[in-house]
Amino acid sequence: MNNYDVIVIGGGPSGLMAAVAAAEHGAAVLLIDKGTKLGRKLGISGGGRCNVTNNKELSELISYIPGNGRFLHSAFGHFNNRDIIAFFEDLGIALKEEDNGRMFPVSDKASSVVSALVGKVRSLGVEVMTDSPVAEVIYDSGAVRGVKLQSGRTVNAGAVIIATGGKSVPQTGSTGDGYPWAEAAGHTITELYPTEVPIVSGERWIHSGELQGLSLRDVTLTVWNAKGKKVIAHRGDMIFTHFGLSGPIALRCSQFLRQVQRQTGKNAVELSIDLFPDEHLQELERRLQDKLEQEPKKAIRNSLKGLVPERLIPLILDKAGLDGDLTFHHLPKTGLQALAALLKRLPVLAHGTRSLAEAFVTGGGVHLKEIHPGTMGSKLMDGLYFCGEILDIHGYTGGYNITAAFSTGYTAGKHAAEKIQ
Ligand SMILES: Cc1cc2nc3c(=O)[nH]c(=O)nc-3n(C[C@H](O)[C@H](O)[C@H](O)COP(=O)(O)OP(=O)(O)OC[C@H]3O[C@@H](n4cnc5c(N)ncnc54)[C@H](O)[C@@H]3O)c2cc1C
């Protein structure tokens, strides 16, 4: 005899939405979380303002989920970004659109989103157990039977949804507990790695701290492979830190750096910064020449101010092998060309990323070949479902991961409930 139709393990965005969908589809649902509060990671997302989703067109949305976004086609058919927006507006959480389609609550408070979602879960009669770590999922004869809590208590159910998240920022409860339960059901876990994570560089000029805190706006960061071919380029903002590069475009490039490392088996990966992405090299060279020509008696280190961020000038001059006290009159043509070339392609040797614990998102997870895309059900264990970051799906920051969590959560909850009836 089952205690519940559906047990959801994990009260992050995917688990909360799974509980909502399962209850809305008539199931008796138990939601279990090991923390004392639900939605802890959701509560710190988007800088504490909760970037609930992104308003881009669906086809575009998928392209911002480089980690297997195409797997989400069916799930988006059940519940997509427009449904997420309608869902929260129905709950009285007005949303606003910011740059690049990012949707935030008008209140700018993640707590308002979390409490609306938790309120919805409770209003649907879902039973909620917090402070109750699950120790294992119980399987028997190819089917799920329920869960065993760390306290030793067993709870039966016809379907179990594993929504325990990845391994990033473990203090929010995402400690990777779900992976061994998936493996026990026969699932493969693809390699786990940090994504949307700051980049580490061993360059001396990074570690000297001379550029620490310098932000570059609207530049392009490119990752190159060992053959000198462009792997990916992202345009936007970045910042130099005491260990390497951070900021939106560095986070986006981080997973591709990892990819090159895997291919080459070497730590060092070449990146470059284009400080003038709208100008061709020749145009920039002409503009540089015009600028320096206007002040022929001035030291070039001073003439470059206004064109190049001041703190970058010594590095650029050093890399070009030029003495900053030179005046335009004494600057050889090759020197001018070298300066322009560096402004278009300032090389930064990267040596890795910060750890998985420090990453915004976990790359890798439950292998998608073993999951039905239309239901999020396991192909290997009857009654077992997965949703959220535990799956081998990851997007860029900007609301895409939370969108994937809500969408897969809704899909898993709906189908788990339908299966039981
Ligand atoms: C600082 C930060 C900012 C972010 N900002 C963004 C952003 O702007 N946009 C975006 O799209 N994404 C963002 N993300 C990523 C996004 O928050 C996650 O992808 C999303 O929360 C994943 O949801 P989830 O439900 O799969 O897992 P989680 O949110 O990780 O939830 C998992 C839940 O499972 C529970 N659990 C784990 N093990 C057990 C167990 N043994 N028993 C019971 N319960 C258990 C945990 O307590 C937790 O509540 C950010 C992440 C971080 C860390």
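## Exercises: two loops and a small sheet

S141 sits in the loop that links β7 (134–140) to β8 (143–149). Keep in mind that this is a predicted model.

**Exercise 1.** Work out what is unusual about the phi of S141, and whether the residue is buried or exposed.

*Solution.* Start with the backbone: phi of S141 is near 50°, a positive value in a residue other than glycine. Next, take the relative accessible area, which is 68% for S141. The cut-off for exposed is over 50%, so S141 counts as exposed.

**Exercise 2.** Now try D108: which loop holds this residue, and how does its accessibility class come out?

*Solution.* First, place it: D108 belongs to the loop between β5 and α6 (110–123). Then check the backbone, where D108 shows a positive phi of about 60° despite not being a glycine. Finally, the relative accessibility of D108 is 30%. Buried would need under 20% and exposed over 50%, so D108 lands in the partly exposed class.

**Exercise 3.** Find the strand order of the open three-stranded sheet, and explain why β3 and β4 each have a side without a neighbour.

*Solution.* Write down the order, β3-β5-β4, with antiparallel pairing. Now look at the ends: β3 (53–54) and β4 (95–97) are the edge strands, and each has a single partner, so one side of each lacks a neighbour in the sheet. Then zoom in on one pair: β3 and β5 (residues 102–105) run antiparallel and are joined by two bridges. As a residue-level check, N54 stands opposite R102 in β5. In general, strands of a sheet pair through backbone hydrogen bonds, either parallel or antiparallel.

Definitions and conventions. Residues numbered from 1 in each chain as written. Predicted model: local features only at pLDDT ≥ 70, side-chain atom pairs only at ≥ 80, totals over all residues. Heavy atoms only, no water. Pairing = 2+ DSSP bridges. Helix = DSSP H or I, 4+ residues; strand = E, 2+ residues; numbered from the N terminus. Buried < 20%, exposed > 50% of the residue type's maximum accessible area, 1.4 Å probe, protein only.
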